[in-house]
Each structure stands twice: as C-alpha cells, then as structure tokens.
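Colleague: I have some questions about the fold, the salt bridges and one of the pockets. Please show me the structure before we start.

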Amino acid sequence: MAIVEVKVPQLSESVAEATLLQWKKKPGEAVAADEILIEIETDKVVLEVPAPAAGVLAELVVGDGGTVVSDQLIAKLDTEGKAGAAAPMAAAAAPVAAPAAASAVASKADVAMPAAAKLLADNGLATADVAGSGKDGRVTKGDVLAAVAAGAKPAAAPVAAPAPAAKPLPAVAAPAAPVALGDRTEQRVPMSRLRARIAERLLQSQAQNAILTTFNEVNMAPVMAMRKKFQESFEKEHGCKLGFMSFFVKAAVHALKKFPILNASVDGNDIVYHGYFDIGIAVGSPRGLVVPILRNADQMSFADIEKKIAEFGAKARDGKLGIEEMTGGTFSISNGGTFGSMLSTPIINPPQSAILGVHATKDRAVVENGQVVVRPINYLAMSYDHRIIDGREAVLGLVAMKDALEDPSRLLFNI
C-alpha cells in the first residue's frame, strides 16, 4: 500500500479557515490523477482540490461541511489499491451502526404526532405514558386526551444502580417538537462563508463610511448608435460582442482621471491617492455577489474589457474565480440594469471610496430645446464616502461620466 496525502491548498493570508463542501468520491472508489475530489469554500472564493495521483480513495479524514485550514490533511489515497478495497472497512462498521438503526426503529413507536406533543408537554407526560393508536404506534392527540381524562400520571423513571465513582450527567434538553404548519414550510440553513463575508463587509461599509449618493440621467442614444454601427465589424475583428459595460468602464476611468479623489481610499487618518485604475465589476453568482477586478483598466481596449468581463462572468458562474482576481480595486461598477433595476443606491466596496450604479436603459419622455421627445435614458447613481469626497467632486465626476457617454468621442480626445 502506497499512501498519498490530500491536503488543503495554501489559503491567502487574509483567509483563516475554510469549509469543505461535498466529497465527489467515496472511500473505495477509483480516482484519476488531477480529478476534482472536493471543493473548498472560503469567505472569498471556492477552490477545487484535485487528486495528487491516481489510485483509490482510502480514507476521508474530514467529512462534508468540515472546517479546515491551510495544508491540513483531509483525505488519503492508495496509489496501489483497487476500486472496492475500502468496502470491507464499510462492512465492518455495519454491525456497529446496526444496533443504532434498530434502536431508532424500536423507538419509532414512542414518537408523538406534532399536535399531541404539546398536549404531552402541557400535562407533564412522556410518550411512554400514553398508548399510541396511530401508525406504527405513534401517539395521537386523541390518545393524549383520552389518557388525561383517565387520570394518567407521569411514569416514574427507573432507578439505575449507582456506580461508585460515577457522577450524575447533566440533563439534556429534549429537542423541540416540530411545528405543524400545514402546507406552509420553512427551511433553516446556515449562511455560506461567502454570504457571511458579504454581510460583514456591507455592514462594515455602512458603519465606517459617510455614504451619500448623487444621481444623474444619461441619454444613451449616442452609445447605442455607435454600438450598432460597429457591432458586426467589432465581433469579426475581436471575437466578442461589443457590450455597454466597456463604455461605462471607459467613462468611469475618464472621470477618475479628472477627479482623482474618486479613485482614492482612506487609511486611518491618511488619504491614499492611487496612480492606477483597478475597476471592480460586480458580478452575480449562484453563491452570491463577487467583485473581480479589471487591472489597469485605463490601459485596456474596449475588446480587452469585454473579453475580461465575459471571462469573469463564466468563472463566477462556475465558482472558479481566484482570490487574486478579487483582491484590491480602486473603484467599482454595479450593473443592476441587467436585472431590470430602474434606480438604486449602491453600497461602497471598502476600502474604496466610491461606486457607480448603472441601471436599465428605458425609453423616457425628456425635454430638449423646449420640446418633449423620447430618448433611451439610463439613470446613474454614484455613492461616495463624504469623509473625503465633497459634493462638488462627486457631482462633477458623475457629470463627466454622463458627458463621456452622451458624446463618446470625448473618450478619444480625453476632454
């Protein structure tokens, strides 16, 4: 037997522990080299743990849902074993489990129906004090009422022979009886590490930042016209579609260059001005909201931005975003318009000091030169930390984004 250990990958310095999700193999099953054995969820990402070698899964050291740390042993592989080798081990464990299972079946008759459980508790009775007439001997409400009417009293608990050196065990509270809800159901599940981390950061942002939001409306007709004109040739040239997010990213960087305070962050009593533009793009995933970063977005072309955002979306959907892809960022963009949002007040992603909220573009009646006309309008919302960003810079920064979107040629000449 040649045993190879399966360990937790090295986690980032900011991640203390992680949670095992669900093993994809059982002891005794064959495993191919690099086959994914389990996924590990941290408060930032989900990591895949591949098999370090081919063989048979000999032992699971930590089961589903276990809490682990970096480099912890979680399983063992037998590189010389054959599939099914672990079956005898499972069979050997069966006799131990059998009595427990038999006990569970035997005690089934002592279980009271939900309506009867309350009556039993109110009258100080146990299920053993009442003869059950329900299915499998279950105690019904009628059984309890009949027993109470007949003057049933709690049975005396059997007295066990005292052990010389034994101390009495503390009383264990009985589990609460299930509540009868009819066709109304409830399900209680623990938060995932990612969801708990999102909640923590949002509360932290609201508690530590003086958040204020400024709004403006943008006529998206020029962007839509440019996109329609170049969509076909853009896709042929770059192999990806020209979306709207690349315009919003370019417009945001354009404004951040004009008003560097929007790209800054607070560190204690210091203001840190960043000489680079790392734009976080909020992406929804099955496990929660994640914000991967477009590094040096000012140096990226429209095609670079579109390809990277598409890559982030696919990775988020599959749970394969890396920690390094979500670390840092100087400014964020949240696109609620994807889901039909008309207006919102986005929450700052700490330690950043501002975030742009983009919404659904809809035809609306607006006034131009004294005439009511219909234009495709998008409402922009920028939340900012009022501790370091004054209303003037926030409003002018959002106006700069608006101007760039309503006249995209400004982006070419940086005006």
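Colleague: In what order do the strands of the open sheet of 4 strands run?

Modeller: This is a predicted model, and in it the pairing within this open sheet is antiparallel. Strand S2 (residues 18-20) pairs with strand S4 (residues 36-41) over 2 bridges, with Leu 20 opposite Ile 40 of S4. The order of the 4 strands is S5-S4-S2-S7.

Colleague: Which strands stand at the edges of that sheet?

Modeller: An edge strand here has a single partner strand, so one of its sides is left without a neighbour in the sheet. The two strands in that position are S5 (46-50) and S7 (67-68).

Colleague: Is strand S17 (residues 354-358) enclosed or open, and how many of its residues are buried?

Modeller: In a regular strand, side chains alternate between the two faces of the sheet. Ala 354, Leu 356 and Val 358 point one way from S17, while Ile 355 and Gly 357 point the other way, and all are buried. S17 is therefore largely enclosed by the rest of the structure, and the count of buried residues is 5 of 5.

Colleague: Which strand pairs with S17 in the parallel sense, and which runs antiparallel to S17?

Modeller: The parallel pairing has 4 bridges and involves strand S16 (residues 331-335), where Ser 332 stands opposite Ile 355 of S17. On the antiparallel side there are also 4 bridges, and Ala 354 faces Tyr 384. The parallel partner is thus S16, and the antiparallel one is S19 (residues 371-385).

Colleague: How many residues apart in sequence are the parts tied together by Glu 35 and Lys 25?

Modeller: The side chains of Glu 35 and Lys 25 form a salt bridge, at 3.3 Å from N to O. Glu 35 lies in the loop between strand S3 (30-31) and S4, and Lys 25 lies in the loop between S2 and S3, so the parts tied together are 10 residues apart.

Colleague: Which of Glu 35 and Lys 25 is buried?

Modeller: Buried means under 20% relative accessible area. Glu 35 has 27% and counts as partly exposed. With a relative accessible area of 18%, the buried residue is Lys 25.

Colleague: Which residues are linked with Lys 315 in a network of salt bridges?

Modeller: Lys 315 is in helix H7 (residues 302-318) and Glu 325 is in the loop between H7 and S16; their side chains meet at 2.8 Å, N to O. Lys 315 is partly exposed at 26%, whereas Glu 325 is buried at 13%. The residues linked with Lys 315 in the network are Lys 308, Glu 311 and Glu 325.

Colleague: How far apart are the closest N and O atoms in the salt bridge of Glu 393 with Arg 392?

Modeller: A search of the whole structure finds 13 salt bridges. In the salt bridge of Glu 393 with Arg 392, the Arg is exposed, at 55% relative accessibility. The closest N and O atoms are apart by 3.2 Å.

Colleague: Which helix gives the most residues to the lining of the second largest pocket?

Modeller: This pocket holds about 370 Å³ of space and has 17 lining residues, with Lys 250, Phe 302, Pro 408, Leu 411 and Leu 412 nearest its centre. By class, the lining has 11 nonpolar, 3 polar and 3 charged residues. The elements giving two or more residues are helices H5 (221-238), H6 (245-258) and H9 (409-413). With 5 residues, the one that gives the most is H6.

Terms used. Residues are numbered from 1 along each chain as its sequence is written. This is a predicted model: local features need pLDDT of at least 70, side-chain atom pairs count only at pLDDT 80 or more; totals for chains, interfaces and linings use all residues. Side-chain values use heavy atoms; hydrogens and water are left out. On a 1 Å grid over the protein atoms alone, a cavity is a set of points where a 1.4 Å probe fits but cannot get out, and a pocket is an open set with protein on both sides within 12 Å along at least five of seven lines; lining residues have an atom within 4 Å of a point. Grid points are joined across faces, edges and corners, and a volume is the space filled by probe spheres set on the points. Ala, Val, Leu, Ile, Met, Phe, Trp, Tyr, Cys and Pro count as nonpolar, Asp, Glu, Lys and Arg as charged, and the others, Gly among them, as polar. Two strands pair if DSSP finds at least two bridges between them. Buried means under 20% relative accessible area, exposed over 50%, partly exposed in between (1.4 Å probe, protein chains only). A salt bridge is a side-chain nitrogen of Lys or Arg within 4 Å of a carboxyl oxygen of Asp or Glu.
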